[in-house]
Amino acid sequence: MSFKRFIGKHRMAVVAFTLVALFAGAAIAADVAPVLRMATTTSTDNTGLLDYLAPILKADTGIEIQWVSVGTGKALEYGRNGDVDVVLTHDPQQEKAFVDGGFGIDPKQVMFNDFVLLGPASDPAGVKGKPVVEAMKTIAEKKAPLVSRADKSGTHMAELRLLKAAGIADPDKENWYVQTGQGMLDTINIAGERKGYALADRGTFIKYEANHKGNPPLVIVVEGDDSMKNQYSVIPVNPEKHPNVKIGLAKQYAEWLTHPKVQRDIEKFKLEGKQLFFPNAKQ
Amino acid sequence: MNYISDGFVQAIGLILSMDEETWSAVVVTVKLTMLSMSVTLALGLPLGFLLGYLDFPGKPVVRTVVDTLLALPTVVVGLLVYAFISNRGPLGGYGLLFSIRGMAIGQTILALPIVVALTASAIEGLDNRLKTTLATLGANGWRMAASCLMESRFALLVAAMTAYGRIVAEVGVSMMLGGNIKWHTRTITTAITLETGKGDFALGMALGILLLAMSFALNAALSFIRRRADA
């Protein structure tokens with residue numbers, strides 16, 4: 001069969017093939033513009049804070065930012081591997097190790113919110129209003145289900161510290177300790193289904209409350225304790241470890257995030273009429 | 001339980017209004033699928049033909065290996081490819097992580113065994129007299145391959161659609177290698193994961209229905225072409 005006849009007979013196939021080739025070419029040509037890459041935690045993304053800040057960043061500095069939202073542990077791992085330029089995380093201990101190990105430079109505090117202990121409104125373990133460490137101890141004694149993210153996120157690490165303070169160094173094998181390995185909202189949902197307790201950041205809880213139209217299965221049982229502060233910091237990745245890191249953009253971003261004007265923008269960010277993050281950058 | 005019905009209502013709204021964010025996820029999904037499918041077919045059809053057509057020592061072992069790879073878990077592929085294309089890995093300098101190209105590498109590894117295995121089976125299943133006849137008529141290697149592939153085109157279409165199904169439905173590779181970055185690497189499936197994580201089940205359902213609608217349109221188009229070809 002001649003080439004012409006072949007084409008004529010398989011017109012559809014030729015058209016389809018050309019389309020495929022075109023799209024493949026477009027995909028290869030895509031994503032080359034220089035952008036700032038950040039690894040951050042689910043709480044900043046799920047609450048919508050980053051979506052709110054991105055256009056302000058673009059307008060102020062011209063920087064285009066892309067982020068992956070994972071737990072703090074994984075976010076720092078991306079930083080260690082040089083896969084991102086900057087991290088925005090919330091676990092002081094892991095962050096200290098990150099900077100001490102030479103992977104990050106010049107960490108800056110950005111904002112805080114707080115952790116809250118959630119439980120069923122009926123409060124079967126009777127911990128309502130207790131200091132948080134005592135509440136943890138009571139939950140363990142009564143073997144009420146404590147649902148944990150167990151994913152090395154900032155929230156998980158804070159929960160482990162509180163448990164340790166309550167005298168429970170290793171809850172791993174305890175049958176009341178439910179380890180989901182999932183994000184904050186999934187974990188709260190599981191705690192709701194199991195009628196258990198869970199430590200959560202307030203931002204995600206407000207989101208959860210809103211999802212349930214103000215009538216959620218879980219409510220705050222303990223809050224306002226000093227040890228429940230949840231500090232967020234921004235850390236540029238060390239360009240000496242990874243020369244590909246866009247350190248100029250990363251530093252500019254850190255400066256911008258801690259600038260009084262942007263701090264006020266963070267203060268203005270509300271979900272369901274409630275302020276989620278409290279700026280506290282050192283000026 | 002309202003979110004099931006909410007999902008359907010929202011899906012219709014989503015398809016009709018098609019906001020920028022949803023559209024971006026659709027475009028990324030289409031681009032990624034096109035890229036992965038092109039590479040998978042370009043590599044898989046010749047490899048599958050060779051595996052089905054040739055007789056060589058150790059062929060059963062190769063078949064078994066390919067069949068085993070059909071069961072590759074997406075997260076394992078994601079992890080493996082991450083190790084290679086992470087900045088620390090051997091291919092770190094090419095900026096493949098968190099890009100559509102990087103995701104396509106993972107999806108190709110995922111789908112390639114399907115195309116190779118099903119193509120090989122289709123070629124093996126061809127009537128032996130066809131090969132003899134072609135050889136008698138003096139067909140050389142390329143003509144032989146083209147004729148055999150042409151003869152089994154419907155089986156190959158099934159292979160391609162199965163590979164497409166695996167690619168378009170997976171979330172592990174896209175999440176690990178793409179990072180679910182809004183406007184850039186967020187596909188429909190990673191968007192569903194995100195929305196579910198945010199507790200917005202209805203939007204997740206709506207996106208799922210949208211993805212199925214896209215696949216339905218593709219299958220309907222292929223079935224139309226096939227009927228035209230048969231006529």
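## Helix 7, a shared core and the contacts between parts

In helix 7 of chain A, which covers residues 132–142, the buried residues are Val132(A), Ala135(A), Met136(A) and Ile139(A). Looking down the axis of helix 7 of chain A, one finds these buried residues within an arc of 100°, so they line one face of the helix. A general rule helps in reading this pattern: an α-helix has 3.6 residues a turn, so residues three or four places apart point the same way. The cover over the buried residues of helix 7 of chain A includes strand 4, strand 5 (146–148), helix 8 (154–165) and strand 8 (218–222) of chain A. After helix 7 of chain A comes Lys143(A), which has a positive phi, near 55°. All of this is read from a predicted model, and the same holds for what follows.

Another element of chain A to follow is strand 9, which takes in residues 229–236 and is mostly covered, with 6 of its 8 residues buried. The table sets out its pairing with two other strands of chain A.

| Strand paired with strand 9 of chain A | Sense | Bridges |
|---|---|---|
| Strand 3 (residues 86–89) of chain A | antiparallel | 4 bridges |
| Strand 4 (residues 108–120) of chain A | antiparallel | 6 bridges |

Which residue stands opposite Pro236(A) in strand 9 of chain A? That residue is Val86(A), while Asn113(A) stands opposite Asn230(A), also in strand 9 of chain A.

Val86(A) deserves a second look. When residues up to four places away in sequence are not counted, Val86(A) touches Leu36(A), Met38(A), Val234(A), Ile235(A), Pro236(A), Val237(A), Ala250(A), Tyr253(A) and Ala254(A). Val86(A) is also, together with Leu118(A) and Val115(B), among the residues with the most contacts inside the largest nonpolar core, which has 122 residues. Helix 5 of chain B, residues 100–124, gives the most to this core, with 16 residues. Why does the core lie between domain 1 and domain 2 of chain A? Domain 1 (36–112 + 231–279) and domain 2 (114–228) of chain A both give residues to this core, so it lies between them. As a general background, nonpolar side chains in soluble globular proteins tend to be buried together.

The division of chain A can be described further, since domain 1 (36–112 + 231–279) is written as two stretches of sequence and domain 2 as 114–228. Between the C-alpha centres of domain 1 of chain A and domain 2 of chain A there are 26 Å, and their contact takes 18 residues from domain 1 of chain A and 14 residues from domain 2 of chain A. On the side of domain 1 of chain A that touches domain 2 of chain A, the elements giving two or more residues are helix 3 (42–46), helix 5 (72–80) and helix 6 (92–100) of chain A, and helix 3 of chain A supplies the largest share, 3 residues. Sorted by class, that side of domain 1 of chain A has 3 nonpolar, 12 polar and 3 charged residues.

Turning to the contact between the two chains, we find that 27 residues come from chain A and 23 residues from chain B. The elements that give two or more residues to the side of chain A that touches chain B are helix 2 (11–29), strand 2 (65–70), helix 9 (184–194) and helix 10 (202–211) of chain A. Helix 2 of chain A gives the most to that side, with 8 residues, and the residues of the side of chain A that touches chain B divide into 13 nonpolar, 9 polar and 5 charged.

Chain B itself has 11 helices and 0 strands, and its C-alpha trace spans about 65 × 50 × 30 Å along its principal axes. Of the 231 residues of chain B, 41% count as buried. Among the contacts in chain B that link residues at least 6 apart in sequence, 78% join residues at least 24 apart.

A last residue is Phe269(A), which lies in the loop between helix 12 (260–268) and strand 10 (270–271) of chain A. Is Phe269(A) buried or partly exposed? Phe269(A) counts as partly exposed because it has 17 C-beta neighbours inside 10 Å, whereas a buried residue needs 20 or more. Phe269(A) and Leu49(A) are 220 residues apart in sequence, yet their C-alpha atoms are 7.1 Å apart in space. Apart from neighbours within four places in sequence, Phe269(A) is in contact with Leu49(A), Tyr52(A), Leu276(A) and Phe277(A).

Key: Residues are numbered from 1 along each chain as its sequence is written. Chains are lettered from A and ligands numbered from 1 in the order in which they are written. This is a predicted model: local features need pLDDT of at least 70, side-chain atom pairs count only at pLDDT 80 or more; totals for chains, interfaces and linings use all residues. A residue is buried if 20 or more other C-beta atoms lie within 10 Å of its own, exposed if 12 or fewer, and partly exposed in between; C-beta atoms are placed from the backbone. Two strands pair if DSSP finds at least two bridges between them. A nonpolar core is a set of buried Ala, Val, Leu, Ile, Met, Phe, Trp, Tyr and Cys residues joined through C-beta atoms within 7 Å. Domain bounds come from an automatic or database domain assignment. Two residues are in contact if their C-beta atoms, placed from the backbone, lie within 7 Å. Ala, Val, Leu, Ile, Met, Phe, Trp, Tyr, Cys and Pro count as nonpolar, Asp, Glu, Lys and Arg as charged, and the others, Gly among them, as polar. The arc is that of the directions from the helix axis to the C-beta atoms.
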